[in-house]
Amino acid sequence: MPSHPLEPFRIKTVEPINRIDRLARQQALESAGYNLFGLRSDDIFIDLLTDSGTGAMSDRQWGAMMQGDESYAGARSYFELKESVETIFGFKHLIPTHQGRAAEHILSTLLIKPGFSIPSNTHFDTTEANIRARGGKPVNLVIDDAADPSLPHPFKGNMDIDKLEAFIAETGRENVPFGMITITNNATGGQPVSLENIRQTADTYKKYEIPFIIDACRYAENAYFIKLREPGYAGKTPLEIAQEIFSLADGATMSAKKDALVNIGGFLVLNDDDLAQRAKNELILREGFPTYGGLAGRDLSAIAVGLWEGLDEGYLAYRLGQTAFLTESIEAHGIPVVLPPGGHAVYIDAGNLLAHIPRNEFPGQALAVELYLEGGIRGVELGSVAFAYTDPQTGEEHFPLMELVRLAIPRRMYTETHLDFVAEALGRIAERRDEIHGYRFTYAPELLRHFTAQFEPVE
Ligand code: F0G
């Protein structure tokens, strides 16, 4: 019996949600080309597409928004954000952006030349695409244990340090303009990275004088996993752990839509003066003046408050508790999931559940479509639709480690009853799994294809 996540808040505002019937869901799917990104949200009952920008803000955040300063330059809201960021992240320069990928874009534009490689434990898809869009090569060097969904490992998001060392030695430092690590490691199951591993990664990059940039979207969840699981950290606060993490790096990209608990926003933080200056010039060109960077003043104020709420221990216990609760409830139906539970989402091993569907017929997509049909629930495929690609040089097709369906839990949004409903719908699907068929593309763009691809069923 999974333990119940205790909400450290009460509900002040509610938003009605609607459940359309099965026939209407079938029609909605057909007109969306079987791509769940193409659905209207009014046709969705429980939306677990992403935890990005979908959470509920607090009364304090809404209060801060009302007091946002919309001055074009030097707004008070910018300085509120700067203070929060300086305390938690500690880098010298703050460059606000409209979301995480804009920070990735600026960094990639400034530092990547064709042929360069950027290592990480596992890059997220927008990071991969930004690197490829500059002619660079994203390289994923996560530990081998991450490829086994059922293997328990407290820090399954870790970088394989031996692989990293060998990769840099082989590629040559001059071809690696910066190195990254993603915390938590979204693409392999929202799995955390240990502080020891972050330190070893930092040491490796430092040895070769490679700037170290952290993809920090879910840094607070990662910090809380470190507190719970890493020897020596039980007595530290998530803030202290976060400060220790960031003290090891030269900069970070941040999507505030995750652990800063807002609906839009992000930033790039850097220590290097010259790089930060160039980033600000790039920002002015694409996003906006350096004290607002593509956001309204009120957004900056909401992030300034949300960063603190995201580090609150009661909140983090509830947050990781919800994910564990849903993971265990799904597992109780005999459905294979990535273990141990990650931070922000449950990852179902669709490749295993629907083993009769070949990888090029997308078992993850098949399961995601089925879940919408069954319960009006929207998840997202994170398997071959999102990550397989054909090498432009060799023409060889590369598949990702796993065929997953992610059910991301928006922050402070759904109740335990909603989560029970999701697990029960999956249980019914598992009972009739043999009847489920695969899909093929009728359209697929070159980059980030899962957002706009169209499909048809394979009969
Ligand atoms: N890095 C990671 C690890 C992410 O998960 C995301 C976004 C980004 C960068 C980009 O941030 O969306 O603000 O531009 N992940 C969302 C998701 C979209 O659903 O996991 P963004």
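Select R286 to start: at 42% relative accessibility this residue counts as partly exposed, a class that lies between buried (under 20% relative accessible area) and exposed (over 50%), computed with a 1.4 Å probe on protein chains only. R286 is found in helix α10, residues 273–286. Helices here are DSSP runs of H or I with at least four residues, strands are DSSP runs of E with at least two, and both are numbered from the N terminus. Now add L354 to the selection: the C-alpha atoms of R286 and L354 are separated by 44 Å, with the two positions 68 residues apart along the chain.

The model is predicted, so local features need pLDDT of at least 70 and side-chain atom pairs count only at pLDDT 80 or more, while totals for chains, interfaces and linings use all residues. Residues are numbered from 1 along each chain as its sequence is written, and side-chain values use heavy atoms, with hydrogens and water left out.

**The whole chain**

Zoom out and colour by secondary structure: the chain has 17 helices and 16 strands. Its radius of gyration is 21 Å, close to the 23 Å that the globule rule gives for 459 residues, so the chain is as compact as a globular protein of that length. That radius is taken over C-alpha atoms, and the rule is 2.2 Å times the number of residues to the power 0.38. Along the principal axes, the C-alpha atoms fill a box of roughly 60 × 55 × 45 Å.

Of the 459 residues, 61% count as buried. Contact means heavy atoms within 4.5 Å; among contacts between residues at least 6 apart in sequence, 73% join residues at least 24 apart. Switch on the surface: the accessible area comes to about 18500 Å², and carbon and sulfur atoms account for 50% of it. Accessible areas come from the Shrake-Rupley method with a 1.4 Å probe, and for residues only the protein chains shown count as cover.

**An enclosed strand**

Select residues 345–349, strand β9. Here 5 of the 5 residues are buried, so the strand is largely enclosed by the rest of the structure. Which residues lie on each face of β9? A345, Y347 and D349 are on one side, V346 and I348 on the other, and all are buried. Next add residues 404–408, strand β14, which runs antiparallel to β9 and is joined to it by 5 bridges. Two strands pair if DSSP finds at least two bridges between them. To check the register, pick V346, whose bridge partner in β14 is L407.

**A covered helix and a buried glutamine**

Move to helix α9, residues 238–247. Its buried residues are P238, I241, A242, E244, I245 and F246. The elements that cover them include α3 (76–88), α7 (195–207), β6 (212–215), α8 (219–229), β7 (251–255) and α12 (313–331).

Then select Q61 in helix α2, residues 59–66. Q61 is buried, with a relative accessible area of 0%. Leaving out residues up to four places away in sequence, Q61 touches A260, L261, V262, A302, V305, G306, E309 and R412.

**Backbone exceptions**

Most residues other than glycine have a negative phi, and most peptide bonds are trans. Four places to inspect follow.

- I183 to T184: this peptide bond is cis, with omega near -15 degrees. T184 is in the loop between β5 (179–182) and α7.
- L339 to P340: this peptide bond is also cis, with omega near -10 degrees. P340 is in the loop between α12 and β9.
- E209: phi is near 55 degrees, a positive value in a residue other than glycine. E209 lies in the loop between α7 and β6 and, at 63% relative accessibility, counts as exposed.
- F362: phi is positive, about 60 degrees, although the residue is not a glycine. F362 is in the loop between α13 (350–353) and α14 (363–375) and, at 6% relative accessibility, counts as buried.

**From F362 to S384**

Keep F362 displayed and select S384, in helix α15, residues 384–387. Is S384 buried or exposed? S384 is buried, with a relative accessible area of 0%. Leaving out residues up to four places away in sequence, S384 touches R359, F362, F399, P400, E403 and R449. Finish with the C-alpha atoms of S384 and R359, which are separated by 6.9 Å although the residues are 25 apart along the chain.
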